[in-house]
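This report describes selected features of one protein structure for a reader who is new to the subject. Please keep the structure in view while reading.

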Amino acid sequence: MVQLVETGGDSVQAGGSLRLSCKASTYVYYMGWFRQVPGKDREGIASILVNGSTNYADSVKGRFTISRHSSDNIMYLQMNSLKPEDTAVYYCAAGRSGLWWLQLSEVNYWGQGTQVTVSL
């Protein structure tokens with residue numbers, strides 16, 4: 001059983017920055033970030049492998065950066081140039097088999113979520 005805890009969500013103005021953190025109770029090879037707004041499906045936004053390879057959704061590419069420190073079981077999401085459409089609950093996720101393509105079916109463990117609100 002793996003427990004994931006996200007922190008760092010806040011209310012910011014458009015153009016601002018925020019960094020989210022995710023701490024895992026144990027080491028997990030495949031990790032990533034998802035987000036969800038009311039009435040919409042949960043959306044994969046970034047994934048990372050232990051070798052440093054990263055994959056981003058087009059909606060955040062060039063603005064968000066995913067990273068991890070495997071020795072500490074910690075993953076980060078640096079969010080820059082935030083837009084109102086980035087407003088969502090952000091979830092840390094981990095998979096036993098893979099999360100490179102950010103498929104919901106691959107997620108085995110979810111964090112509790114942290115709210116990010118971007119205002120004009």
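## A nonpolar patch on the surface

The model discussed here is predicted. On its surface, Y27, Y29 and V50 make a nonpolar patch of about 270 Å². One of these residues, Y27, is found in the loop that runs between β3 (18-24) and β4 (30-36).

Is Y27 buried, exposed or partly exposed? Its relative accessibility is 42%. Buried residues have under 20% and exposed residues over 50%, with partly exposed residues in between. Y27 therefore counts as partly exposed.

## An open sheet of four strands

Strands of a sheet pair through backbone hydrogen bonds, and the pairing may be parallel or antiparallel. In this model, four strands form an open sheet in the order β1-β3-β8-β7, and their pairing is antiparallel. The edge strands are β1 (4-7) and β7 (64-69), each of which pairs on one side only. From one strand to the next, the twist averages 15°.

The pairing at the β7 edge can be followed in detail. Strand β8 comprises residues 74-79, and six bridges join β7 to this strand, the two running antiparallel. Within this pairing, H69 stands opposite I74 in β8.

## The disulfide

A disulfide is a covalent bond between the sulfur atoms of two cysteines. How many disulfides does a search of the whole structure find? The search finds one. The cysteines concerned are C22 and C92, with their sulfur atoms 1.9 Å apart. The angle about the S-S bond is -70°, and the link of C22 and C92 is left-handed.

What does this disulfide tie together? C22 belongs to strand β3, whereas C92 belongs to strand β9 (residues 88-95), so the pair connects parts that are 70 residues apart in sequence. The relative accessibility of C22 is 0%, so this residue counts as buried. C92 is likewise buried, because its relative accessible area is also 0%.

## Salt bridges

The count of salt bridges in the model comes to four. One of them joins the side chains of D58 and K61, with an N to O distance of 3.5 Å. Both D58 and K61 are exposed.

Another salt bridge brings together the side chains of R35 and E43, at 3.1 Å from N to O. Are these two partners buried or partly exposed? R35 has a relative accessible area of 6% and is therefore buried. E43, with a relative accessible area of 31%, is partly exposed.

## A network of charged residues

The side chains of R63 and D86 also meet in a salt bridge, at 2.8 Å from N to O. R63 lies in the loop between β6 (54-56) and β7, and D86 lies in the loop between β8 and β9, so this pair ties together parts that are 23 residues apart in sequence. R63 and D86 are both buried.

Which residues are joined into one network by salt bridges that share partners? The network consists of R35, E43, R63 and D86. It therefore includes buried R35, with its relative accessible area of 6%, as well as partly exposed E43, at 31%.

How values were computed
Residues numbered from 1 in each chain as written. Predicted model: local features only at pLDDT ≥ 70, side-chain atom pairs only at ≥ 80, totals over all residues. Heavy atoms only, no water. Pairing = 2+ DSSP bridges. Axes fitted to C-alpha atoms, helices over the stretch in contact; angles between N-to-C directions. Patch = residues over 30% accessible without salt bridge, like charges linked within 9 Å, V, L, I, M, F, W, Y side chains within 5 Å. Areas by Shrake-Rupley, 256 points an atom, 1.4 Å probe, with all protein chains shown as cover. Buried < 20%, exposed > 50% of the residue type's maximum accessible area, 1.4 Å probe, protein only. Disulfide = S-S within 2.5 Å.
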